[in-house]
Amino acid sequence: MTTVTPQTVPTAPGGVPVLGHLPALLHDPLGFLGSLARVGDAVEISLGPRRMTVVTSPALVHTLLTALSHDCPRGTVQGALREAFGDGLLMSEGALHRERRRAVQPAFTAERVAALAGVVGEAARERIERWSPGRAVDVAGEMTALALDVVARALFGVRLAEGPAAAFRRALPDLVRGQIARSLCPHPLFARLPLPLNRRFDAAVRVLDAVVDRTVGGPDGPDGRDRPYGRDRPDGRDGAPAGPLRDAVDPATGRRLDRAALRSEAVSLFGAGTETVSSTLTWLFHELMGAPEVYARLLGELEEAYGDGLTGAASGEPGAGWPGEAPPYLRAVLREVLRLHAPNAFLTRTAAAGVRLGPYAVPAGTELLYSLTALHRDPARYPDPLRFDPDRWADGEGAGDRRLFLPFGAGRHKCVGEGFAWMELAVIAATVLLRWRLAPLPGARAREVVWTTVQARDVVMTVAPRAVRVPGPPGASAGGAP
Ligand code: HEM
C-alpha cells in the first residue's frame with residue numbers, strides 16, 4: 001500500500017505588503033474568492049497579520065462539513081453572533097448544538113411544513129395586495145418584510161406590529177455588516193472600539209432582541225401591541241409561542257424548552273430565515289426580468305398547476321394543500337436562483353485539531369473560509385456560470401454529484417429550515433407571479449452587495465395586474481392576459 005504525502009496548502013498570489021489579500025477581498029469579494037479555484041482546491045490567503053485557508057472545491061467543502069465536522073467546528077462568522085445573542089442553533093456547537101438540533105428539528109418535518117404552507121400563502125397575498133398598479137416596488141424591502149412576517153406568523157404564531165417589523169428590516173444590514181467586520185477582525189478589543197460600525201451593530205442586536213421578546217414573550221411577558229395570530233395561540237401562562245416550536249422538547253430534561261432557550265432559537269430562526277429567503281426571492285424576480293422566455297414558461301406551468309390565479313381557492317391557491325414539492329419547472333428555476341445567488345457568501349470553520357483535507361495537511365488552529373456563492377459560480381462546473389439557465393437542472397437534480405450543490409450547507413449544521421425554505425420560496429413565487437405582471441423600472445440597476453450574505457439592492461419594479469378579476473359564477477373565466 002502506498003501512502004501519499006500530504007501537500008502544503010498553496011498560497012494565493014498577489015498579496016500586498018502588510019495588508020496581504022485584504023484589498024483584493026474587499027474590492028471584489030466573490031471575484032477574488034472565485035479566482036482562487038484556479039490556484040488550488042484549498043488556498044492560503046493573508047488578511048493583514050491573519051492567515052486563512054480558503055476552500056474552493058465543493059467536494060472539499062463537503063468533506064469539511066461532514067467527515068471533518070467534529071474536528072472543524074464553527075469559526076468566527078458565527079462567533080460574532082454568538083457573542084451578541086448567546087447559544088442558539090445557529091451559533092452553538094458540540095453537545096449543546098446536538099441537543100438543540102434534536103429539540104428544534106421536529107418543528108420542520110414534511111408534515112409540519114405542509115401544514116404551514118397556507119399561512120405562507122396568506123402572508124404573501126396580504127403583502128402583495130398593498131402594491132398598486134404602476135407604482136414602483138422596492139422588491140428587496142418587500143421581500144424582507146414578507147420573510148420576516150412569515151417567520152413570525154408561521155413559526156411563532158405572532159403578527160408583528162408594523163413599527164418593530166420596520167425597525168428589524170432597517171437593522172438587518174447593520175447586523176451583517178458588523179458581523180463580517182467582527183469576523184475579519186475577531187480581536188475582542190475591536191468590538192469595543194467606539195466606531196459607527198460597532199454602534200450600529202449593537203443597536204441592531206437590541207432591535208432583534210426586542211423583536212424576539214415580542215415573539216416569545218420577554219421578561220415582562222408578551223407585548224400586547226402585537227396581534228396574536230392563528231388558532232393555536234397559547235394562553236400566555238408559560239410564555240410558550242404558538243406554532244411548531246411550541247412542542248419543542250429539550251432532550252436533556254424531557255421538558256419543553258425554557259424561555260431563554262426559546263429566545264435563542266427565535267434569534268436563530270429570525271436571523272437565518274429572513275434575509276436568505278428574501279434575497280433569493282428578490283434575485284428570482286430580477287432574473288425573470290432578464291429571461292422573458294423563462295418567465296413565460298414558468299407562468300404557463302403555474303397556471304396549469306394552480307389555475308389562472310384569478311379565481312381564488314376554486315382554482316387552487318399556491319399553499320393550499322401543499323403537495324410536498326413545487327411543480328417541476330418552478331423547482332428548476334428556484335434551484336438555478338439558489339445556484340447563482342447562494343446567499344451565504346462567507347462561512348468559516350476552525351481546525352481544532354490537525355486534519356487531512358483532501359490532499360492537504362491542515363494544521364490545528366487553521367481558520368477555514370468558504371463561500372457558497374463563489375462555489376456555485378465555478379466555470380469548471382457550470383459553464384458560463386453567471387448566465388441564469390434553469391435548463392441546467394432539466395434532469396431534475398442536475399448532472400453529476402448531488403453532494404456538490406450546497407446552498408443549504410451539509411453535515412451537522414445543514415440548514416434545519418431547508419424544507420420550509422423550498423416551500424416558502426415556491427408558494428411566495430407562485431402567489432406573486434400569478435397576481436402581478438412584473439416589469440423592471442427603467443433606469444434601475446440591480447446591485448450585488450456582499451457582506452456575510454449576498455444582498456440584492458436596487459431591484460425596483462413596477463407591477464400591473466395580470467388581469468382584472470371579473471365577478472361571476474364559479475368557474476367563470478376572467479379577462480386579460482399574463
Ligand atoms: C433560501 C433560504 C435559505 C438558505 C440558502 C439557507 C442556508 C443555510 C446554510 C448554508 C446553513 C449552514 C450554515 C453553516 O454551515 O454554518 C444554514 C443553517 C441554518 N438555517 Fe438556513 N437557509 C435558508 C433558509 C432558512 C430558513 C427559512 C430557516 C428557518 C426558518 C433557516 C434556519 C437555519 C438554522 C436555524 C440554521 C443553523 C442550523 C444548525 O447549525 O444546526 N434557514 N442555512
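What share of the contacts in the chain with a separation of 6 or more comes from residues 24 or more positions apart? The figure is 73%. Keep that in mind as you turn the model, which is a predicted one.

**Stop 1: the whole chain**

Start with a cartoon view of everything. The secondary structure adds up to 16 helices and 15 strands. Of the 482 residues in the chain, 52% are buried. Now switch on the surface: its accessible area is about 21100 Å², and carbon and sulfur atoms hold 55% of that.

**Stop 2: the iron atom**

Next, select the ligand and find its iron atom. Which protein residue is a donor to this iron atom? Cys-415 is the only one, and its SG atom sits at 2.3 Å. To place Cys-415 in the cartoon, look in the loop between helix H15 (372-375) and H16.

Stay in that loop for a moment and pick Asp-384, which belongs to the loop between H15 and H16 as well. Its phi is near 50°, a positive value in a residue other than glycine. With a relative accessible area of 47%, Asp-384 is partly exposed.

**Stop 3: helix H16 and the largest nonpolar core**

Now select helix H16, residues 418-435. This helix gives the most to the largest nonpolar core, with 12 residues. The core itself has 118 residues, and those touching the most other members are Phe-270, Phe-285, Phe-420 and Leu-438. As background, nonpolar side chains tend to be buried together in soluble globular proteins.

Show Phe-420 as sticks and look at what surrounds it. Leaving out residues up to four places away in sequence, Phe-420 touches Phe-108, Val-113, Leu-116, Val-120, Val-150, Ala-154 and Leu-155. Another core, of 22 residues, lies apart from the largest one; to find it, select some of its members, including Leu-68, Ala-342, Leu-372 and Leu-406.

**Stop 4: the sheet of three strands**

Colour E3, E15 and E12 next. They form an open sheet in the order E3-E15-E12, with antiparallel pairing. Strand E3 (136-138) and strand E12 (436-440) are at the edges; each has a single partner strand, so one side of each is left without a neighbour in the sheet. On average, neighbouring strands here are turned by 45° against each other, direction ignored.

Zoom in on E12 and strand E15 (residues 460-465), which run antiparallel and are joined by 5 bridges. One pair to label is Ala-439 with its bridge partner in E15, Thr-462. Then bring back the helices. H16 packs on this sheet, touching E12 and E15, and its direction makes about 90° with that of E12. Helix H12 (residues 275-289) also lies across E12 and E15, running at about 75° to E12.

Before leaving, step to Asp-458, in the loop between strand E14 (454-457) and E15. Asp-458 is not a glycine, yet it has a positive phi of about 60°. Its relative accessible area is 38%, which makes it partly exposed.

**Stop 5: the sheet of four strands**

For the last stop, select E1, E2, E11 and E8. These make an open sheet of 4 strands in the order E1-E2-E11-E8, with mixed pairing. Strand E1 (42-47) and strand E8 (347-350) are the edge strands, each pairing on one side only. The twist from one strand to the next averages 35°.

In the middle of your selection, strand E2 (residues 50-55) and strand E11 (residues 367-370) pair in the parallel sense over 3 bridges. Label Val-54 and you will find Leu-369 of E11 opposite. Finally, add helix H3 (residues 58-65), which packs on the sheet and touches E2, E8 and E11. Its direction makes about 130° with that of E11.

Definitions and conventions
Residues numbered from 1 in each chain as written. Predicted model: local features only at pLDDT ≥ 70, side-chain atom pairs only at ≥ 80, totals over all residues. Heavy atoms only, no water. Pairing = 2+ DSSP bridges. Helix = DSSP H or I, 4+ residues; strand = E, 2+ residues; numbered from the N terminus. Axes fitted to C-alpha atoms, helices over the stretch in contact; angles between N-to-C directions. Contact = heavy atoms within 4.5 Å. Core = buried A, V, L, I, M, F, W, Y, C linked by side-chain atoms within 4.5 Å. Buried < 20%, exposed > 50% of the residue type's maximum accessible area, 1.4 Å probe, protein only. Donors = N, O, S within 2.8 Å, 3.2 Å for Na, K, Ca; no water. Areas by Shrake-Rupley, 256 points an atom, 1.4 Å probe, with all protein chains shown as cover.
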